[in-house]
Amino acid sequence: MTKDYMMRQILLPLLKTTLPKRADTITNKFLYSLVAVVALFLSTHSCLAPALTLNQPGHYTLGEDITFSPLAADSIISIESSDVTLDLGGWSIIQGNATAGVNGILIAEGLERVSVMNGTIRNVTGIGIVINNLVTPQKNLIIREILFDGCQSRGISSTNVLPLL
């Protein structure tokens, strides 16, 4: 969520409904400045931007870059359901801080028919995509057109995958 979006769509309408109509100009300027500081804080801190969990089958497409700044090791997106297509739509998944052990996408154990495609995983301190326990190629895992940029550990890591094509 960008600072501009938060100001225009969330905080300013709230402020306009709570300010008295005849409040003096100095008070209004102070309150608008306070809202700008709060919006900047909220847009750069992870307390309001939790990781995304896909736990239902479906086709998911990003509409903008996702920047995630976790306070502890985590994954930015966790896929926990079979029959999921995650199309990054040309957008990026970005780690916005230096917290150690943050992965881009985690594909949970035992899933089938999972696709991740068309985007960038950038600046994660862990692994770009972690694939857990997909034992046979019949599980239909597809990873296509993904750019790994600045992944500190490696781009893709898998456990018990035979073979990864």
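**Strand pairing, salt bridges and core**

Ile142 touches Val114, Ser115 and Val116, not counting residues up to four places away in sequence. The model is predicted.

Reader: Which element holds Ile142, and is Ile142 buried, partly exposed or exposed?
Author: Ile142 is found in strand 10. Buried would require under 20% relative accessible area, and exposed over 50%. Ile142 has 40%. That value lies between the two cut-offs, so Ile142 is partly exposed.

Reader: How far apart are the C-alpha atoms of Ile142 and Arg113?
Author: Along the chain, Ile142 and Arg113 are 29 residues apart. In space, the separation of their C-alpha atoms is 7.8 Å.

Reader: Which residue forms a salt bridge with Asp83, and what is the distance between the closest N and O atoms?
Author: Asp83 sits in the loop between strand 4 (75–79) and strand 5. Its partner is in the loop between strand 7 (103–107) and strand 8, 30 residues apart from Asp83. The pair thus links distant parts of the chain. The partner is Arg113, with the closest N and O atoms 2.4 Å apart.

Reader: Are Asp83 and Arg113 buried, partly exposed or exposed?
Author: Asp83 has 36% relative accessibility. Arg113 has 38%. Buried means under 20% and exposed means over 50%, so neither label applies. Both residues count as partly exposed.

Reader: Which residues are joined with Arg113 into one salt-bridge network?
Author: Asp83 forms a salt bridge with Arg113. Glu112, partly exposed at 27%, also forms a salt bridge with Arg113, at 2.9 Å between the closest N and O atoms. Asp149 and Arg122 meet in a salt bridge as well. Salt bridges that share partners join Arg113 into one network with Asp83 and Glu112.

Reader: Which residue meets Asp149 in a salt bridge, and in which strand is that partner?
Author: Asp149 lies in strand 10 (residues 141–149). Its side chain meets the partner's at 2.9 Å, N to O. The two residues are 27 residues apart, and the pair links distant parts of the chain. The partner is Arg122, in strand 8.

Reader: How many salt bridges are there?
Author: One is Asp83 with Arg113. Another is Glu112 with Arg113. Asp149 with Arg122 is also one of them. The count comes to three.

Reader: Which elements give two or more residues to the largest nonpolar core?
Author: The largest nonpolar core has 23 residues. Among those with the most contacts inside it are Ile77, Leu86, Ile105 and Val116. The elements giving two or more residues are strand 4, strand 5, strand 7, strand 8 and strand 9 (127–132).

Reader: What is Val116 in contact with, leaving aside its neighbours within four places in sequence?
Author: Val116 is one of the residues with the most contacts inside the largest nonpolar core. Its list includes Ile79, Leu86, Ile105, Ile107 and Ile129. These five residues are named with Val116 among those with the most contacts in that core. The list also has Ile142, Ile143, Arg144 and Ile146.

Reader: In what sense does strand 5 pair with strand 2 and with strand 8?
Author: Strand 2 (residues 58–61) and strand 5 (residues 84–87) pair over four bridges, and Tyr60 has Leu86 as a bridge partner. Strand 5 and strand 8 (residues 114–122) also pair over four bridges, and Asp87 has Met117 as a bridge partner. In each case the sense is parallel.

Reader: Which residues of strand 6 lie on each side, and are they buried or exposed?
Author: In a regular strand the side chains alternate between the two faces of the sheet. In strand 6 (residues 92–95), Ser92 and Ile94 are on one side, Ile93 and Gln95 on the other. Thr67 stands opposite Ile94, while Ile93 has Ile121 of strand 8 as a bridge partner. Both faces are covered, and all four residues named are buried.

Reader: Which strands are the edges of the sheet 1-4-7-9-11?
Author: Five strands form this open sheet, with parallel pairing. Inside the order, four bridges join strand 4 to strand 7, where Ser75 stands opposite Asn103. The twist averages 10° from one strand to the next. Each edge strand pairs on one side only: strand 1 (52–54) and strand 11 (154–159).

Definitions and conventions
Residues are numbered from 1 along each chain as its sequence is written. This is a predicted model: local features need pLDDT of at least 70, side-chain atom pairs count only at pLDDT 80 or more; totals for chains, interfaces and linings use all residues. Side-chain values use heavy atoms; hydrogens and water are left out. Two strands pair if DSSP finds at least two bridges between them. A salt bridge is a side-chain nitrogen of Lys or Arg within 4 Å of a carboxyl oxygen of Asp or Glu. Buried means under 20% relative accessible area, exposed over 50%, partly exposed in between (1.4 Å probe, protein chains only). Contact means heavy atoms within 4.5 Å. A nonpolar core is a set of buried Ala, Val, Leu, Ile, Met, Phe, Trp, Tyr and Cys residues joined through side-chain atoms within 4.5 Å. Axes are lines fitted to C-alpha atoms, for helices over the stretch in contact, and angles run from 0 to 180 degrees between N-to-C directions.
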